[in-house]
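Colleague: I should be grateful for a close look at a single part of this protein, namely the pairing of its strands and the contacts made around them. Please set out the reasoning step by step.

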Amino acid sequence: HSSIERIGEDAFSSCENVVKLYFGPAECTFEHEKDPQSSSFKDMGKATAGLQLTIGREVTRIEPYQFCKTNLSSLTFEKGSVCRDIADEAFSITSLKGDLALPAGLQSIGVKAFYRTSVSSVNIPESISRIGRDAFSQCKKLSSVRYNAVEAELFNPETTNQGGVFCMAGISVGGYTLSIGSNTRIIADYLFENGILTESKLEKGGGIRTLSFANNCMLDSIGMAAFTGNALLSGNLDFPASVHSIGTGTFSECKQLQSVNIPSTVRYLGDGVFSGCNGLKKICYDVIDGKGRNVFPVLKEGEENIGYDLIIGSHVKTIPDNFCTNAAIDSISLYKAQHLQSIGDEAFSNCSKMQGHETLAFSDAIKSIGNSAFNNCKALTGTLNLPVSLEKLGTNSLSGIKVNALVYNSPVVT
């Protein structure tokens, strides 16, 4: 009843035959003197097919552990619900299943709030401003996530052990589909990280199977390691034109990605964004003035079978130092790179598999090729064309390549 202000410890524990519960107190204090992590409703509905829980419209907050470890099968928020906060582990380790519809005005979802439940889909509303680590982790039957939060931050109480919100979700159903809403502007650091950064010895797997962005998506920033470890994520990845920033290691270890298109609207690309994405076959890179190092998969001993084609786009002006050092590039194409002015030190150093097309031709915009830029790219053959615009050719910049012919037009080179 809405008039209830206090519920004692174990007040309804082991009420195993209860099948329906209406919880309506607007503000209620729970006493947990013996065990601060216990629920007053522990094991409720245990002897039934499942407890059907309805949260009244006046309830503003679900307290920590409030319905933890109940035999909860369904959760309904009453129409017009004013609930703003679902606290840590409020519904964790329950039998909750089916589609989870959260209140439209909900602002905060706590750490492990729905941890190890059996929900099949969830819609994260735009109103969410804070979401806790592992909120939906190990929800093994989760198959669909619609993420609409505009600028939600990830709350993680363990500063030395990072992890995502949906770690190892969807293990039993081959992963989950993730749809990013049209009004989402920021995807926080580690938000969809899939357990690869945690110290947990629990079963690894699940994670994002497909990733899509809404039409007219307003997404501006994707944080550090936001999608790392989603080994089931496959297919082609096209970023919305609205994206300006992609953080360090954002898609690292997404081993089944096949192609990536990085548009010219991206202004910041962190280090190692696609490191460990060994399934890549094609990369279109069109960042105007990128700074990221070792952005793409590197060639390691015993992994000679991996490789991808790299196409440098028409808007690129600068390729940074160590851009693709030791990378597993099969071929590089510069024919679109008509505005490329500078290639940094060791940008493609030791890309031993990398081949050009019949001609490795730099455009008339090129001014500088850095030290060891193409050092030991021993698979490069054909004709090398150095145009009249070239002003600086770094030490060992072309050492070790095996071109058949050199076209040298530059009158002044240092």
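Modeller: Glycine 98 stands opposite valine 119 of strand E10. That position is a suitable place to begin, with the reminder that the model is predicted. The two strands concerned are E8, residues 97-101, and E10, residues 118-124, which pair in the parallel sense over five bridges. On its way through the sheet, E10 is also joined by four bridges to strand E12 (residues 144-147), and these two run parallel. In that second pairing, asparagine 123 stands opposite arginine 146 of E12. E10 therefore has a pairing with E8 and another with E12, given that two strands count as paired when at least two bridges are found between them. As a general point, strands of a sheet pair through backbone hydrogen bonds, either parallel or antiparallel.

A second group of strands may be read in the same manner. Five strands form an open sheet with parallel pairing, in the order E5-E7-E9-E11-E13. E5 and strand E13 (153-155) stand at the edges with a single partner strand each, so one side of each is left without a neighbour in the sheet. Within this sheet, E7 is joined to strand E9 (residues 108-109) by two bridges, and the two run parallel. Here aspartate 85 stands opposite serine 108 of E9.

The charged side chains come next. In general, side chains of opposite charge can pair when their charged atoms come close. Arginine 133 forms a salt bridge with aspartate 134, with 3.2 Å between the closest N and O atoms. Both partners are buried: arginine 133 has a relative accessible area of 7%, and aspartate 134 one of 10%. Aspartate 85 appears again in this context, since salt bridges that share partners join Arg61, Glu63 and Asp85 into one network. One contact of that kind is the salt bridge in which the side chains of arginine 61 and glutamate 63 meet, at 3.1 Å from N to O. Arginine 61 counts as partly exposed at 31% relative accessibility, and glutamate 63 is likewise partly exposed, at 21%.

A further salt bridge joins the side chains of arginine 57 and glutamate 78, at 3.8 Å from N to O. Arginine 57 lies in the loop between E4 and strand E5 (61-62), and glutamate 78 in the loop between strand E6 (72-77) and strand E7 (85-86), so the pair ties together parts that are 21 residues apart in sequence. Arginine 57 is partly exposed, with a relative accessible area of 42%. These contacts belong to a wider set, as a search of the whole structure finds nine salt bridges.

Some charged residues are grouped in another way. Lys42, Lys46, Lys69 and Arg116 form a positive surface patch. One of these, lysine 46, is found in the loop between strand E3 (29-30) and strand E4 (51-55). The loop between E3 and E4 also holds aspartate 43, whose phi is near 65°, a positive value in a residue other than glycine. At 22% relative accessibility, aspartate 43 counts as partly exposed. Asparagine 376 also has a phi near 65°, again a positive value in a residue other than glycine. Its place is in the loop between strand E28 (368-369) and strand E29 (383-386), and asparagine 376 counts as partly exposed at 29% relative accessibility.

Another open sheet consists of four strands in the order E15-E17-E19-E21, with parallel pairing. Strand E15 (186-187) and strand E21 (268-269) stand at its edges, each with a single partner strand, so one side of each is left without a neighbour in the sheet. Strand E19 (residues 245-246) pairs with E21 in the parallel sense over two bridges, and isoleucine 246 stands opposite leucine 269 of E21.

Finally, these parts may be placed within the whole. The secondary structure of the protein comes to zero helices and 31 strands. The C-alpha trace spans about 90 × 40 × 35 Å along its principal axes, and buried residues make up 51% of the 414 residues. Cysteine 351 is one example of a buried residue, with a relative accessible area of 0%; its place is in the loop between strand E26 (342-343) and strand E27 (359-361). The C-alpha atoms of cysteine 351 and glutamate 153 are separated by 39 Å, the two residues being 198 residues apart along the chain.

Methods: Residues numbered from 1 in each chain as written. Predicted model: local features only at pLDDT ≥ 70, side-chain atom pairs only at ≥ 80, totals over all residues. Heavy atoms only, no water. Patch = residues over 30% accessible without salt bridge, like charges linked within 9 Å, V, L, I, M, F, W, Y side chains within 5 Å. Areas by Shrake-Rupley, 256 points an atom, 1.4 Å probe, with all protein chains shown as cover. Salt bridge = Lys/Arg side-chain N within 4 Å of Asp/Glu carboxyl O. Lys, Arg positive; Asp, Glu negative; His and termini not counted. Charge placed at Lys NZ, Arg CZ, Asp CG, Glu CD. Buried < 20%, exposed > 50% of the residue type's maximum accessible area, 1.4 Å probe, protein only.
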